[in-house]
Amino acid sequence: MATYGRFVRVVTAISRRDLVDAGRVQLLTNSTSLFALYGHDGATAGYARILPVLRCALPRLRDPELDVDALCAEAAGAVSVTRSVLAATDACLLLAAYIASRSPRDHDAAIFAPGGKRQRADPYDATQGQIDKPRAASLDRILAIHAFLAAEHLGTVPDVRDPGLILTLANLVAHSLIGRNSSPEDLTNPRFTCLLDSGPAFDLADAHRVPLGRYLPI
């Protein structure tokens with residue numbers, strides 16, 4: 001019952017953000033296939049699995065030919081890949097994108113520079129009112145924040161020029177966890193936005209023991 005409640009809250013929150021009529025959202029919350037895809041192994045993993053289905057289904061809720069079961073079956077084929085996306089190193093990059101998307105650049109010096117003073121606050125209060133207003137962030141900034149988080153929480157200092165980071169970023173984009181905001185021709189310093197809402201972001205951070213609220217503005 002608790003899992004189903006989380007599932008309904010996730011679907012409703014995304015639908016509300018996309019300005020979908022609440023009455024039509026029941027087509028999704030009543031879908032046994034979508035709930036089965038969400039699963040019972042945690043809110044973050046479930047969110048990642050159903051998000052591609054919701055992205056396809058929400059604009060088509062008035063379409064009588066919409067087949068939610070077929071969308072779920074297609075998404076289920078990528079479950080093992082999605083789970084690998086949420087490994088520790090990849091989660092660190094996703095959280096870096098979340099921080100970059102939810103905080104202004106001038107906040108970075110106070111948080112990430114040596115001797116910077118970090119804000120201490122309840123993490124859910126720290127993001128109140130910002131969840132629906134993510135900002136596009138440059139690749140350089142995301143990688144810089146990732147390097148800081150990896151050094152502090154993974155005990156590694158990644159090379160920002162590592163092509164593996166770009167491949168990880170591409171996987172996160174492919175799974176609709178990060179969105180690209182610049183044209184494919186912009187190879188100099190493309191811009192990206194983290195598409196996670198606050199709940200799944202903090203669940204992911206908790207799973208990897210990253211105090212996400214510490215890095216966000218009050």
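Guide: Accessible areas here come from the Shrake-Rupley method with a 1.4 Å probe. Keep in mind that this is a predicted model.

Visitor: Good to know! About how much area does the protein chain expose, and what share of it do carbon and sulfur atoms supply?

Guide: The exposed area is about 11000 Å², and carbon and sulfur atoms supply 55% of it.

Visitor: And what percentage of the residues count as buried?

Guide: That would be 46% of the 218 residues in the protein chain.

Visitor: How many helices and strands are there?

Guide: The protein chain has 12 helices and 3 strands.

Visitor: Switching to side chains, how many aromatic pairs does the structure hold?

Guide: There are 5 aromatic pairs. One of them joins Tyr4 and Phe35, with ring centres 5.3 Å apart.

Visitor: Why is that pair edge-to-face?

Guide: Its planes sit at 85 degrees, so the pair is edge-to-face; the cut-off for that class is over 60.

Visitor: Where do Tyr4 and Phe35 lie in the chain?

Guide: Tyr4 is in helix α1 (residues 2-17) and Phe35 in helix α3 (residues 32-38), 31 residues apart. Tyr4 is partly exposed at 30% relative accessible area, and Phe35 is partly exposed at 22%.

Visitor: Which residues form an aromatic cluster?

Guide: Tyr4, Phe7, Phe35 and Tyr38 make up one cluster.

Visitor: What about Phe148 and Tyr215, how are their rings arranged?

Guide: Edge-to-face, at 6.2 Å centre to centre and 80 degrees between the planes. Phe148 belongs to helix α10 (residues 139-154), while Tyr215 is in the segment after α12 (198-207), so the pair ties together parts 67 residues apart in sequence.

Visitor: Are those two buried or exposed?

Guide: Phe148 and Tyr215 are both buried.

Methods
Residues are numbered from 1 along each chain as its sequence is written. This is a predicted model: local features need pLDDT of at least 70, side-chain atom pairs count only at pLDDT 80 or more; totals for chains, interfaces and linings use all residues. Side-chain values use heavy atoms; hydrogens and water are left out. Rings of Phe, Tyr and Trp (its six-membered ring) pair if their centres lie within 6.5 Å; planes under 30 degrees apart count as stacked, over 60 as edge-to-face and the rest as tilted. Helices (H or I, at least four residues) and strands (E, at least two) are DSSP runs, numbered from the N terminus. Buried means under 20% relative accessible area, exposed over 50%, partly exposed in between (1.4 Å probe, protein chains only).
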